[in-house]
Amino acid sequence: MVNFTLSILLQAAAVAAGGQQDYATAYKATQESGRPLVVLVGAEWCPGCRTMKHSVIPQLEKEGGLANVAFAYVNTDDESRLAGQLMQGSTIPQLILYHKTETGWKRQRIIGARAPSEVQTFIEEATGAAVPKISSRQ
C-alpha cells in the first residue's frame, strides 16, 4: 500500500511539474508503475539539445504525446557521471527510451534533434502503444 501511494504521489508531482522530473524520481516512478521512461541526455550549449528540451519536448507535452511515459532531463554538464552511464560510451546527446517487454526492460535511443512527430513515432513504435497525434509541425 505504501509503494502504491508513493507511486501515485510521484506521478502527481510529475504532472504538477509539467511532466519533467529529475532522473531518480522518473526512474523510481517507472520501475513502480511499469510505464516507459524517456530520458533526454544533453547539454544547454548543444543547439540540438536545446531544440529538444525547449521546443520538441514542450510541444509533445502540450499535445499529450508524453502522457503515458515518465520524462526526465539529464544535463551532461551538471550530471556528467550519470549522463556517461546513460549514453553508454557515446558522446553524442540523445533521447533514450526504456520500456518493459515480456523479457525485461529494453533500451532504445535516437540521436540528434527531431521534430515532435518523429519523437512521437519513436515512442509509439518502441512501446507499441498509441500516442496522441501531433497536430502541428515543428
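A salt bridge is here a side-chain nitrogen of Lys or Arg within 4 Å of a carboxyl oxygen of Asp or Glu. The exercises below concern a predicted model, and each is followed by a worked solution.

**Exercise 1. Find how many salt bridges the rule gives, and state how exposed the partners are.**

Step 1. Applied to this model, the rule yields a count of one salt bridge.

Step 2. The pair consists of Lys-53 and Glu-44, whose closest N and O atoms are 2.9 Å apart, and this separation satisfies the rule because the cut-off is 4 Å.

Step 3. Since partly exposed covers the range between 20% and 50% relative accessible area, Lys-53 falls in that class at 21%, and Glu-44 is likewise partly exposed, at 29%.

Step 4. As background, side chains of opposite charge can pair when their charged atoms come close.

**Exercise 2. Describe the setting of strand E2, beginning with its burial and then turning to its partners.**

Step 1. Strand E2 spans residues 37–42, and six of its six residues are buried.

Step 2. Taking the two faces in turn, Leu-37, Val-39 and Val-41 lie on one side while Val-38, Leu-40 and Gly-42 lie on the other, and both faces are covered.

Step 3. With strand E3 (residues 70–75), E2 pairs in the parallel sense over six bridges, and Ala-70 in E3 is the bridge partner of Leu-37.

Step 4. With strand E4 (residues 94–101), the pairing of E2 is antiparallel and runs over five bridges; here Val-39 stands opposite Ile-96.

Step 5. Helix H3 (residues 47–63) joins E2 and E3 in a β-α-β unit, which is right-handed.

**Exercise 3. Identify which residues of the largest nonpolar core touch the most other members, and which elements supply the core.**

Step 1. The largest nonpolar core has 17 residues, and those touching the most other members are Val-38, Leu-66, Phe-71, Leu-95, Val-119 and Ile-123.

Step 2. Two or more residues of this core come from each of E2, H3, E3, E4 and helix H5 (116–127).

Step 3. Another core, of 13 residues, lies apart from the largest one, and its members include Tyr-23, Leu-37, Ala-70 and Met-87.

Step 4. Once neighbours within four places in sequence are set aside, the contacts of Leu-95 include Val-38, Val-39, Leu-40, Met-52, Phe-71, Val-119 and Phe-122, and also Gln-108 and Arg-109.

Step 5. In soluble globular proteins, nonpolar side chains tend to be buried together.

**Exercise 4. Decide whether Gln-120 is buried or exposed, and place it relative to Val-56.**

Step 1. Gln-120 is found in helix H5.

Step 2. Its relative accessible area is 4%, so Gln-120 counts as buried, the cut-off being under 20%.

Step 3. Although Gln-120 and Val-56 are 64 residues apart along the chain, their C-alpha atoms are separated by 9.9 Å.

**Exercise 5. Work out how burial is distributed around helix H4.**

Step 1. In H4 (residues 80–87), the buried residues include Ala-83, Leu-86 and Met-87.

Step 2. These residues are on the same side of H4 because they cover an arc of only 90 degrees around the axis.

Step 3. The face turned away from that buried side carries Arg-81 and Gln-85, which are exposed.

Step 4. The cover over the buried residues of H4 includes helix H2 (23–33), E2, E3, E4 and strand E5 (104–111).

Step 5. Following H4 comes Gln-88, whose phi is positive, near 45 degrees.

Technical notes:
Residues are numbered from 1 along each chain as its sequence is written. This is a predicted model: local features need pLDDT of at least 70, side-chain atom pairs count only at pLDDT 80 or more; totals for chains, interfaces and linings use all residues. Side-chain values use heavy atoms; hydrogens and water are left out. Buried means under 20% relative accessible area, exposed over 50%, partly exposed in between (1.4 Å probe, protein chains only). Helices (H or I, at least four residues) and strands (E, at least two) are DSSP runs, numbered from the N terminus. Two strands pair if DSSP finds at least two bridges between them. A crossover is right-handed if, with the strands pointing away from the viewer, the path from the first strand over the helix to the second runs clockwise. A nonpolar core is a set of buried Ala, Val, Leu, Ile, Met, Phe, Trp, Tyr and Cys residues joined through side-chain atoms within 4.5 Å. Contact means heavy atoms within 4.5 Å. The arc is that of the directions from the helix axis to the C-beta atoms.
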